[in-house]
Amino acid sequence: MKRRVFLYGFLNYPRGSAPANYVQYLSQALKKAGYDVYIITNVNEEVSFQEKEGHLSYKDTKIIPFNMSKNKFLHYLEFNYLKGHTLVNILKGYNLSEKDIVLLYSSDLYIHREILKYRKKIGFKTVSCVAEWFPDSFFKSKQKKNQYNFYFETILPKHNLIFPISTYIEEYLVAKRCKTMRLPIMADVDEYPLGIKSFDKIKFIFPGNGLMKDAIESVLKSFSQLNGKEKDRVELHLSGIKEAEIKNLLTVQEYDNLKSTLVIHKWMSYEELIKLYQTVHFLILAREENQMTLANFPSKVPEVMSYGVIPIVSRVGDYTKYYLENDVNSLIFDGCNTEVCLEQIRKALSMNQEEILQLSTKARECVKNKFDYRNWVEKIYKAIESI
């Protein structure tokens, strides 16, 4: 009989967030490793589900809806303080034994506390995914900061296994004597077709909802400094950023210089987003080096590379150290100011069609050989079976 994995995350699953994509590929790897996988999550109402063994199902994986009250006050209480109780009550309906595994994608202190307390009674194994490491300055209240630090420093080491997303997080946890297996964001290179790129314009995309970690101002200012001939050849696609936010970051003149190249996308379904990726040549991602960017692994990098999109990225974090190769499958630069961004954009524009297609092919090969979830199945299985 297959061992069961109950994978929890508040994700708007599937396709409703970057963590939802992380969990999708992790669940596919777990299934391929021979586990019976259940994803416990709030469901994305925009997606059509199938049914499997009496459960909602997506990509042949069973989903257990994590429902909360529609009453505003009760919802607030449940969301902020009672998710751990709700999760334990859901799990009680599945008669867990010591053979089962509970895998958490969450930094909610109450969830971890309740699951660890429940583990004492039953004896199942617990695994935690850690995809972020926020500095104290990130938190608006002292209470939230203290809760997060207590979770990170005291609660995480109590789990049987941790999947840190980066070496930066892993090194900290190993020093605390945690059992770890570094696991980047994965991909499924066969999920959608590659698509065909036209060269009437050279298309760049900036993943918009990364305002927190990404130096978007440098990127926008660098595109605004392109000359007339260069601008005629370029489209800069933005998704998840409002025009008002862009205007706030630029002077009136900079915005006027930029607007002819801008294509601002409002809300897009995931299928529409894929169609866009299939047409784009370059992803541009500028990041400062700090705790958050060193700890994180941007999900957009392997995601867009699946469609032959070439990353132009700052040298920060694991993806530029272990996975991408400058001038082979990406363009990597040091720093994130306007000048270095502009230099890389001009480098991309200086390439001919054949050179772009060569890097594009290598970008997709990188995903297939390094990020595709099928490459990680055996490592994940060995790590879990060793606890």
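Visitor: Hi! At what angle do helix H1 and helix H16 pack?
Guide: Hello! In this predicted model, H1 (residues 18-32) and H16 (residues 377-385) pack at about 75 degrees, and their axes are 9 Å apart.

Visitor: So are they roughly parallel or roughly perpendicular?
Guide: Roughly perpendicular, because angles of 65 to 115 degrees count that way.

Visitor: Which residues meet there?
Guide: From H1 you have Leu26, Ala29, Leu30 and Lys32. They meet Val377, Ile380 and Ile384 of H16. Sorted by class, this contact has six nonpolar residues, no polar ones and one charged.

Visitor: Nice. How do H6 and H14 cross?
Guide: Helix H6 covers residues 216-224 and helix H14 covers residues 338-350. Their axes come within 8 Å, crossing at roughly 55 degrees. That angle makes H6 oblique to H14.

Visitor: Is that crossing left-handed or right-handed?
Guide: Right-handed, as H6 passes H14.

Visitor: And what touches what?
Guide: On the H6 side, look for Ser218, Val219, Lys221, Ser222 and Phe223. On the H14 side, look for Thr338, Cys341, Leu342 and Ile345. The residues of this contact divide into five nonpolar, three polar and one charged.

Visitor: Changing topic! How many cavities of 30 Å³ or more are there?
Guide: The structure holds two of them. The largest cavity has a volume of about 40 Å³, and the second largest has about 30 Å³.

Visitor: What lines the largest one?
Guide: Its lining is made of Tyr25, Ala187, Asp188, Glu191, Tyr270, Glu303, Ser306 and Tyr307. Four of these residues are nonpolar, one is polar and three are charged.

Visitor: And which residues line the second largest cavity?
Guide: That lining has Asn21, Tyr25, Ile185, Met186, Ser299 and Glu303. Here the split is three nonpolar, two polar and one charged. If you are clicking along, Tyr25 and Glu303 are in the lining of the largest cavity and also in the lining of the second largest.

Visitor: What about pockets? How much space lies in the second largest pocket?
Guide: About 160 Å³. Two elements give two or more residues to its lining, namely helix H5 (167-175) and helix H13 (318-323).

Visitor: Which of those gives the largest share?
Guide: H13 does, with four residues.

Visitor: Can you list the whole lining for me? What is in it?
Guide: Sure! It has Thr167, Tyr168, Glu171 and Leu294, then Arg315, Val316, Gly317 and Asp318, and finally Thr320, Lys321 and Tyr322. By class, that lining has four nonpolar, three polar and four charged residues.

Visitor: One last topic, the backbone. Is the peptide bond from Tyr13 to Pro14 cis or trans?
Guide: That bond is cis, and its omega is near -10 degrees. Most peptide bonds are trans.

Visitor: Where is Pro14 found?
Guide: Pro14 sits in the loop between strand E1 (4-9) and H1. Arg15 has its place in the loop between E1 and H1 too.

Visitor: What is phi of Arg15?
Guide: Near 70 degrees, which is a positive value in a residue other than glycine. Most residues other than glycine have a negative phi.

Visitor: Thanks! Where should I look to find that loop again?
Guide: Look between E1 and H1, where you will find Pro14. H1 is the helix we began with, the one that packs with H16 at about 75 degrees.

Methods. Residues numbered from 1 in each chain as written. Predicted model: local features only at pLDDT ≥ 70, side-chain atom pairs only at ≥ 80, totals over all residues. Heavy atoms only, no water. 1 Å grid on protein atoms, 1.4 Å probe; cavity = no way out; pocket = protein on both sides within 12 Å on 5 of 7 lines; lining within 4 Å. Points joined across faces, edges and corners; volume = space filled by probe spheres on them. Nonpolar A, V, L, I, M, F, W, Y, C, P; charged D, E, K, R; others polar. Axes fitted to C-alpha atoms, helices over the stretch in contact; angles between N-to-C directions. Parallel < 35°, antiparallel > 145°, perpendicular 65-115°, else oblique. Left-handed = near helix turned anticlockwise from the far one by under 90°. Contact = heavy atoms within 4.5 Å.
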